[in-house]
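User: Please take a close look at a single helix in this model, and then set that helix in the context of the whole assembly.

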Number of protein chains: 2
Amino acid sequence: MLSEKELAWVKERYSSVYLNPLTPLSFLKRSELVFPKKTAVIYRDRSFTWKAFANRVYSLANGLKNKGIQKHERVAMISRNNNALLESFYGISMAGGVSVPLNYRLSDKDVAYALNHSESKALIFEHIYAETIKGIQKDLRTLEFFIEIDSPEENNGAPLGIPYEAFLNKSSSQPLDIPVMDENDMLSIVYTSGTTGLPKGCVHTHRGAYLNAMGELLAARMHAESAYLWTLPMFHCQGWCFVWGVTAVGAKHVCLDAVRAEQICQLMTQEKVTHMCGAPIVYTTIADYMEKNGLHFENTIRGFMGGAAPSPVNIQKAENIGMDIHQVYGLTEVYGPHTLCEWHSEDWDDLPLAKRAQLKARQGVPYATYTLVKVVDEDMNEVPWDGQTPGEIVMKGNNVMQWYFNEYDKTDEAFRGGWFHSGDAAIVHPDGYIEITDRLKDIIVTGGENVSSVEVENIIAEFPGVVDVAVISKPDEKWGEIVKAVVHMEAGIEATAEAIIKWCRERLAGFKTPKEVEFGVVPRSATGKIQKHVLKQREKDLLAGVRPLTSPPLAGEARGRG
Amino acid sequence: MLSEKELAWVKERYSSVYLNPLTPLSFLKRSELVFPKKTAVIYRDRSFTWKAFANRVYSLANGLKNKGIQKHERVAMISRNNNALLESFYGISMAGGVSVPLNYRLSDKDVAYALNHSESKALIFEHIYAETIKGIQKDLRTLEFFIEIDSPEENNGAPLGIPYEAFLNKSSSQPLDIPVMDENDMLSIVYTSGTTGLPKGCVHTHRGAYLNAMGELLAARMHAESAYLWTLPMFHCQGWCFVWGVTAVGAKHVCLDAVRAEQICQLMTQEKVTHMCGAPIVYTTIADYMEKNGLHFENTIRGFMGGAAPSPVNIQKAENIGMDIHQVYGLTEVYGPHTLCEWHSEDWDDLPLAKRAQLKARQGVPYATYTLVKVVDEDMNEVPWDGQTPGEIVMKGNNVMQWYFNEYDKTDEAFRGGWFHSGDAAIVHPDGYIEITDRLKDIIVTGGENVSSVEVENIIAEFPGVVDVAVISKPDEKWGEIVKAVVHMEAGIEATAEAIIKWCRERLAGFKTPKEVEFGVVPRSATGKIQKHVLKQREKDLLAGVRPLTSPPLAGEARGRG
């Protein structure tokens, strides 16, 4: 019998033969080898084969190396979905660097913060964001050079950075070996939208992205003949790892730089699209347009919906135009989707719509790649699977980020008890499917973007004459939720909703700016905490007709408490 | 900038949250959770849901633990494909043990060797192999107990071991946690057929099997609605890892204990089979039967073919009955298939049959999971991709075994230069697809089983009066290849082919016994090596009609050299 010690010795002795690091860069190597002449990427009127795409990636990587980018050094990107952004994910990593894809909807302040916090040495940005960059340039402490991607619809003269195409053209397209020695090395730092204050940089590793991409592929049932339409921004968790997954099976990336229904429908047909991802509003936008124009997809499109549960209306609309929607759930901290509402065709296909919607509204179960998800009480004990006891969703395993970059305290807090705490409250149904019952109280999800109510509250609090403020979500057919502010003004001081909204718009990203402002006293608990559940419930009641919309509900309460 | 040292510290600090060991046991956990009521396994008239299957696995595991099986201890199995064998793969590993699935076609001697060499403490065997076990029982040095699976078609009275069902019934089905702490721990030891002498035990790890299963799933395009027919023996590399993969996506295992065309066709329809694997002869058997009975599959069956390249006839036959065949290539040392002839629908679907067959006959490219494969000369330099320069296929990475169990010298030899040496000679086409040009000279592949010509030669050499002997493959429509012996007898001593064949049958597994014996002088090189290429070429020429079959070709040569 071999001893444990001897077995350990064997593992070590032969490891160079039986182990190679998991990295999604290998997917590019494979598709370059297997599908050199097959179409890899489409963007507007440009089309690239896998060989051409790989060559461009190598050119970018060689160029970055020549400019001094070294192992583990960060290179950030701000761009809409296009071939250059996709190439950047691969090129930066092939150079040994770490990509930092930024949400172009962040405020200038947050962009500057993320660039400095990640210590990015270079920034690859699309021309339309040049003004943003110019505005913050003086605050950037680590950036050494800029590369500027053309925006097709704009005059791109007098670029701020090195033109992207010129940068590629003067670099060698000599293939590079995958530079990854340790699969737990950083692949990417993806910043959250700062829902609890400053953006945090989630460190995604090569192993994590590889495995998450595998999970997505199995769930999406993708293969070499699939075509993936980029309705989801690539900056969101590397496009929920589809940046990597689509490449792994040699499917086709169909890039899309804005959610325009007409263009989407054209691409769906023209490129024989089979898959897409997005927030509910993306699906609604497509469905509305198609309904209006009497259109229907020829083949079923498998769509992953994230960010919010699909309503029966969403599902009905999607089915009417020929889509098959599956809900997925996750966060930036877990590479995007971590659970899937795995469908049971044999039992559920023939149920009535309302019932199917109810089932599809659940966040479900882990992917086939299998990492751990559970719903726990405050002592980390699993809640009963009774469909009613709420707890917090916690996760652990290969699909959890490595840490919040350079934030030990925040990481320790998020990882307390050895699990990542999602901040999402959920119940577990008797069949083990989890369902989110509430967002962490301060998060508003509007059009697929997360908004921290605290951040908005802080801005409004600075408005002259504001005594108190609460920012909450309000259910909305189109956006899922909208940002709503309840503002308590000093006695004798008048303000208009318009003035508050303008104030916010000047200081926040557009999606964070409240769409509605109401004046009145903010209900607070004995310990002084805002009772957001009271406000939220009132919004739901109003929508449901429990209270007439015409009665200003907080005025009376304000008097009562004033 | 964080230092390398600090980054290493971060990796370590948070590893318990962002890492969990890759193991195919997680697939069972997931399907048990997600698909408890869905059919998991079918065998003859029995059917098990995922929950029922999991419970049986836990019962087996708890029972094995109660009987003293501890971490890393080996438990062997000899059984045809059935639910109990499938349960054993999972149950042994859930108990912390290591499964040793034995090829039931091995000779008694080799079975005893593998049981002793693996130091197996228990053996789970099917009743029909009881006589084999009894015959070798006195030679078994480490076995402590036997568990006996009923054979449905036999009288199973007076079992040699504990009856399998009774063993399960008296054990607790209490779920167990996955006992794997290190993904590089042994999952299984799979013995080769001893093509170069004694069987060698290939150590498959949890990580390797997990990743290989992922690769199979993506290549097979399997999902929860798929049904996999077990035409391939599960003992072959854990059924090319489909033992794990089918479970990962919650598809259905349809067990089959013998390749009987009529039953296969019934199951295909009855269980809505979508996938299968096997050697060419399995496909031919099915196709012949269906052709004769005018049958055609309703849905396309995606079939992986291994062990030999499909001929145009194979492909034509398979297409005629509604199958879509893909060639895969691998060895026990690489968990079964390691490359796939990835198909290019867009370019190749409409080619004429002969051209398609030529393309499909290639062993292809690595799976999407991507491990390294190349063809090298004797100095380990890659051969040019010219479609004509031969070299040896070498492999490396996650899909290569950890080592030959307890065989340092043999492992070092197989891993020389840091790569696993397949022993298969191949060329690389200009598109990077590899194609095997020759087996290592001593291997004969008959009906999907490997036969070492050296082993057979050694047996024949012991026959009274034999001077020299060469054992070669002979191309065969039905078996792919058959074993043929060329025997040189002492002057004046007569022997018949029948006597030689009988001699071999008493000493070798049936599939290793020559089907043809010819008498004559064996051609040898100057250094005394048998010139098998001469003999093989002659067989091909004979088949192609270059020399008349009636002329005994070696007799003349024998005289010339004698």
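What follows is a reading of one helix, then of the chains and domains around it.

Analyst: The model is a predicted one, and the part chosen here is helix α12 of chain B, which spans residues 261–270. Its buried residues are Ile264(B), Leu267(B) and Met268(B). Because these residues cover an arc of only 105° around the axis, they lie on the same side of α12(B). The other side of α12(B) carries Glu262(B), Gln266(B), Thr269(B) and Gln270(B), which are exposed.

As for what the buried side meets, the buried residues of α12(B) pack against three strands of chain B, namely β10 (227–229), β11 (252–254) and β13 (301–305), and also against the helix α13 (280–292) of that chain. Just after α12(B) the backbone reaches Lys272(B), which takes a positive phi of about 50°.

Turning to the assembly, chain A is superposed on chain B by a rotation of 180° with 0.0 Å of shift along its axis, and the RMSD of that superposition is 0.1 Å. The two copies are therefore related as by a two-fold rotation axis. Both copies use the same surface, in that 100% of the contact residues of chain A recur in chain B.

Within chain A, the domain assignment gives domain 1 (21–258), domain 2 (371–438) and domain 3 (443–561). Taken over C-alpha atoms, the centres of domain 1 and domain 3 of chain A are separated by 37 Å.

Technical notes
Residues are numbered from 1 along each chain as its sequence is written. Chains are lettered from A and ligands numbered from 1 in the order in which they are written. This is a predicted model: local features need pLDDT of at least 70, side-chain atom pairs count only at pLDDT 80 or more; totals for chains, interfaces and linings use all residues. A residue is buried if 20 or more other C-beta atoms lie within 10 Å of its own, exposed if 12 or fewer, and partly exposed in between; C-beta atoms are placed from the backbone. Helices (H or I, at least four residues) and strands (E, at least two) are DSSP runs, numbered from the N terminus. The arc is that of the directions from the helix axis to the C-beta atoms. Two residues are in contact if their C-beta atoms, placed from the backbone, lie within 7 Å. Copies are superposed by least squares on the C-alpha atoms of residues with pLDDT of at least 70 in both. Domain bounds come from an automatic or database domain assignment.
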